[in-house]
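Student: I am new to this structure. Could you show me how to read its features, one at a time?

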Amino acid sequence: MGSRFCFPMSFLISRTLRVVPATIKPSYLASTVRLMSTSNTEYQFILSSRPDPSVALITLNRPKALNALSSPLFKELNQALFEADADDSVGAIVLTGSEKAFAAGADIKEMKDKEYSDVYKNNFLENWGQIAKLRKPVIAAVSGYALGGGCELALMCDIILASPTAKFGQPEINLGVIPGGGGSQRLVRSIGKSRAMEMCLTGRNVSAQEAAEWGMVSRVVGEGEGKVVEEAITMAKEISSKGQIAVQAAKEVVNAGYELTLAEGLRFERRIFHGLFATKDQKEGMAAFAEKRKAQFTNS
Ligand code: CO8
């Protein structure tokens, strides 16, 4: 099954090796990256590693700007996501930031002097939503600020785990604009109209606990530096241990539920369910249950 990413060949060929800045605070994340990185590519604004052969960990890494999302950062992020999605050994992807900030929004300093003609003509933000098109599941591990584009980036992921320090918000209203990365649309579907309106119209930050009560995040993970990332990696490993065709199918049908009527969605789910009977993993999974043994999926 091919990726739905569409990158010009020149972009892939012209990627350059860059050195990770030495300013990263020694932490669980940094040590994870140092010890377990298997990626050949080094980046300036992100870290990309494999904490387990089956898990890609991508860490936003602009600490001085609280991981503000810039065009160069998104270029690197899309490349790392593309590589992980295309890597057969990877079953799931974890996206995280720092303890202080998952991401404090789109880079306001990059945007402040842009004109309508620039943003319209160059289709600003068009490539900032690629993460939502991946076939493999993406888990956001959020600590600290997830504001504006940072909140929207988390919402583009399939599962959000939050540390107790996480703060979600859409403060664009304070800048004279509105969410531009799908926040207004995904929030309505995630937490309902009234709460989405409150977030978009007041710009108020929502705590991790409140976000969990509202169903915006799966759960709040116990305290401690790196805990939420550890938990996300454990979850990613668990997902990777399943048959990958069924995993991708499950992601596809859940996402289709965003777009379809109930009748259409139910029909789509049933058709995909039927289709899985053509896979060896279905035969193996059901035989293993009947024989009281662990299934050995071959992703075929
Ligand atoms: N853009 C650029 N720089 C930023 C941003 C940002 N969004 N957020 C923080 N920074 C920079 C600060 O300018 C500061 O830099 P410097 O040291 O050079 O002055 C540094 O990061 C540290 O920030 P603070 O000193 O402000 O740190 P505090 O702990 O005092 O405050 C806050 C932290 C509350 C997070 C504060 O920095 C803040 O309010 N940031 C802006 C939050 C915001 O408004 N975000 C929304 C931006 S608009 C947007 O996201 C549009 C979305 C478009 C779609 C994106 C699709 C993915």
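Student: Let us start with one residue. Is Ser71 buried, partly exposed or exposed?

Tutor: Look at the relative accessible area. Under 20% is buried, over 50% is exposed, and the range in between is partly exposed. Ser71 has 30%, so Ser71 is partly exposed. Bear in mind that this is a predicted model.

Student: In which helix is Ser71 found?

Tutor: Ser71 belongs to helix α3, which covers residues 71-86.

Student: How should I think about directions along a helix?

Tutor: An α-helix has 3.6 residues a turn, so residues three or four places apart point the same way.

Student: Which residues does Ser71 touch, beyond those up to four places away in sequence?

Tutor: Glu110, Phe124 and Trp128. Sequence distance and spatial distance are separate things to read. Take Ser71 and Leu125: they are 54 residues apart in sequence, yet their C-alpha atoms are 8.4 Å apart in space.

Student: What share of the contacts in the whole chain links residues 24 or more positions apart?

Tutor: Count the contacts with a separation of 6 or more. Of these, 67% are between residues 24 or more positions apart.

Student: Now a second residue. Is Asp52 buried or exposed?

Tutor: Apply the cut-off again. Asp52 has a relative accessible area of 17%, so Asp52 counts as buried. Asp52 lies in strand β1. The side chain of Asp52 also makes a polar contact of 2.6 Å with the side chain of Ser54.

Student: β1 must sit in a sheet. What is the strand order there?

Tutor: Read a sheet from one edge to the other. Here six strands form an open sheet in the order β1-β2-β3-β5-β7-β10, and the pairing is mixed. The edges are β1 (46-52) and β10 (219-220). Each of them has a single partner strand, so one side of each lacks a neighbour in the sheet.

Student: How many bridges join β7 to β10?

Tutor: Two, and the strands run parallel. β7 spans residues 159-162. To see one pairing, find Ala162: its bridge partner in β10 is Val220. On to another pair in this sheet. β5 (residues 138-142) and β7 are parallel too, with four bridges between them. There, Ala141 has Leu161 of β7 as its bridge partner.

Student: What is the order in the sheet of four strands?

Tutor: β4-β6-β8-β9, in an open sheet with mixed pairing. β4 (101-103) and β9 (206-207) stand at the edges with a single partner strand each, so one side of each has no neighbour in the sheet. Look between β6 and β8 (residues 167-169): three bridges pair them in the parallel sense. One bridge partner in β8 is Lys167, matched with Tyr145.

Student: Next, the ligand. How many residues surround the ligand?

Tutor: Start with the shell, then pick out the contacts. The shell holds 26 residues, and the closest are Lys100, Ala106, Ile108, Lys109 and Gly149. By type, 15 are nonpolar, five polar and six charged. Elements that each supply at least two shell residues include α4 (108-111), β6 (145-147) and α6 (149-156).

Student: Which backbone atoms approach the ligand's polar atoms?

Tutor: A polar backbone atom of Ala104 is 3.0 Å from a ligand nitrogen. Ala106 places a polar backbone atom 2.7 Å from a ligand oxygen. For Gly149, a polar backbone atom is also 2.7 Å from an oxygen of the ligand. Then compare areas: the ligand taken alone exposes 1100 Å², and the protein buries 67% of that.

Student: Why is α6 described as largely enclosed?

Tutor: Check each residue of the helix. Eight of the eight residues in α6 are buried, so the rest of the structure largely encloses this helix. Among them are Gly149, Cys151 and Met156.

Student: And the chain as a whole: how many helices and strands?

Tutor: The chain has 13 helices and ten strands. It contains 300 residues, and buried ones make up 44% of them. The accessible surface is about 15800 Å², with 56% belonging to carbon and sulfur atoms.

Key. Residues numbered from 1 in each chain as written. Predicted model: local features only at pLDDT ≥ 70, side-chain atom pairs only at ≥ 80, totals over all residues. Heavy atoms only, no water. Pairing = 2+ DSSP bridges. Near = heavy atom within 4 Å. Polar contact = N/O pair within 3.5 Å; in protein donor to acceptor, adjacent residues only side chain to side chain. Areas by Shrake-Rupley, 256 points an atom, 1.4 Å probe, with all protein chains shown as cover. Nonpolar A, V, L, I, M, F, W, Y, C, P; charged D, E, K, R; others polar. Buried < 20%, exposed > 50% of the residue type's maximum accessible area, 1.4 Å probe, protein only. Contact = heavy atoms within 4.5 Å.
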